[in-house]
Amino acid sequence: MAIRFLLRSNLGRFISSPTKFTENPQNLNRFSPHCLSHLNSICGYHDGRPRGPLWRGKKMIGKEAVFVIMGLKRFKGDEEKMHCFVKKHVIRLLKSDKIAVLNELERQQEVDLALKIFKIIRKDDWYKPDVFLYKDLITALAKSKKMEAAMDVWSSMRKENLFPDSQTYGEVIRGFLRYGSPADAMNIYEDMKKSPDPPEVLPFRILLKGLLPHPLLRNRVKQDFEELFPQKHMYDPPDEIFGMH
């Protein structure tokens, strides 16, 4: 009851002049910390710390970025309006906002729009080759079965002498196997063997599983797997499954 009385009796002065009210220590001393928390929540006072659903894994999307994302999705079927919107609103975005837009479009699987933003980012003066920007976009394209676009981005990445991590190799290999292109999956595998990073098991397991209908290609990968990971177990199906004797 005391808290409610203090809130009601001082609410008018706080709202009319919050700065003057809080600058006076005598006013603040009349409130306990618990009481002040109620006063802040009622009066809409914000101490600058993000809270609630706006704070997502230490990443907050600004209003400009949200506006751009909504505009891009709205005009993606109209090239003329899209061009005007990009020229007026997207180009002038700050670096952090552009990257936030790119990441959010990838998360929403708006990969065509994400690719457009990525091309804009590459033209900015501040841009430097970044394997993580490539990795996220290539992975999003591969998951959306946009393999031609994924390989275009892949070629740009390799021209900048960048190598992705094993997860990206695995996603692209899986994408080509789903796309019905084992030869392209093997090309990615051969590129992975040139990477300066130590090999990991994941891309090999994806290939070994996806190449079950292609025993000749699978045997090539199997030999490399056994040499690199002699302690790892690998499943081999019975030969009768594929009519081999």
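This passage walks through the fold, the nonpolar core and the salt bridges of a predicted model.

The chain turns out to be helical: there are 14 helices and zero strands. Read from the N terminus, the order of elements is simply α-α-α-α-α-α-α-α-α-α-α-α-α-α. Of the 245 residues, 37% count as buried. Looking at contacts in the chain with a separation of 6 or more, 55% come from residues 24 or more positions apart. On the outside, about 16,000 Å² is exposed, and carbon and sulfur atoms supply 54% of that area.

Inside, the largest nonpolar core takes in 56 residues, and the members that touch the most others are Leu 72, Val 101 and Ile 117. Helix α8, covering residues 111-122, is the biggest giver to this core, with eight residues. Val 101 makes a handy spot from which to look around. Leaving aside residues up to four places away in sequence, Val 101 touches Ala 65, Val 68, Ile 69, Leu 72, Leu 93 and Ile 117. Two of these neighbours, Leu 72 and Ile 117, are thus in touch with Val 101 and sit beside it on the list of members with the most core partners.

Turning to charged side chains, the structure holds twelve salt bridges. One of them pairs Glu 104 with Arg 107, with the closest N and O atoms 2.5 Å apart. Both residues belong to helix α7 (residues 95-107), and because they are three residues apart there, about one helical turn separates them. The two ends of this bridge sit in unlike surroundings: Glu 104 is buried, at 10% relative accessible area, whereas Arg 107 is exposed, at 56%.

A similar arrangement shows up in helix α11, where Glu 171 and Arg 174 meet in a salt bridge at 3.2 Å, N to O. Here too the partners are three residues apart, so they are about one helical turn from each other. Glu 171 is buried with a relative accessible area of 15%, while Arg 174 is partly exposed at 25%. Elsewhere, salt bridges with shared partners link Glu 190, Lys 193, Arg 220 and Asp 224 into one network.

The bridge between Asp 165 and Lys 135 (3.0 Å, N to O) reaches further along the chain. Asp 165 lies in the loop between α10 (147-159) and α11 (166-178) and Lys 135 in helix α9 (residues 131-143), so the pair ties together parts 30 residues apart in sequence. Asp 165 is partly exposed, with 29% relative accessibility, and Lys 135 is buried, at 17%.

Technical notes:
Residues numbered from 1 in each chain as written. Predicted model: local features only at pLDDT ≥ 70, side-chain atom pairs only at ≥ 80, totals over all residues. Heavy atoms only, no water. Core = buried A, V, L, I, M, F, W, Y, C linked by side-chain atoms within 4.5 Å. Buried < 20%, exposed > 50% of the residue type's maximum accessible area, 1.4 Å probe, protein only. Helix = DSSP H or I, 4+ residues; strand = E, 2+ residues; numbered from the N terminus. Contact = heavy atoms within 4.5 Å. Areas by Shrake-Rupley, 256 points an atom, 1.4 Å probe, with all protein chains shown as cover. Salt bridge = Lys/Arg side-chain N within 4 Å of Asp/Glu carboxyl O.
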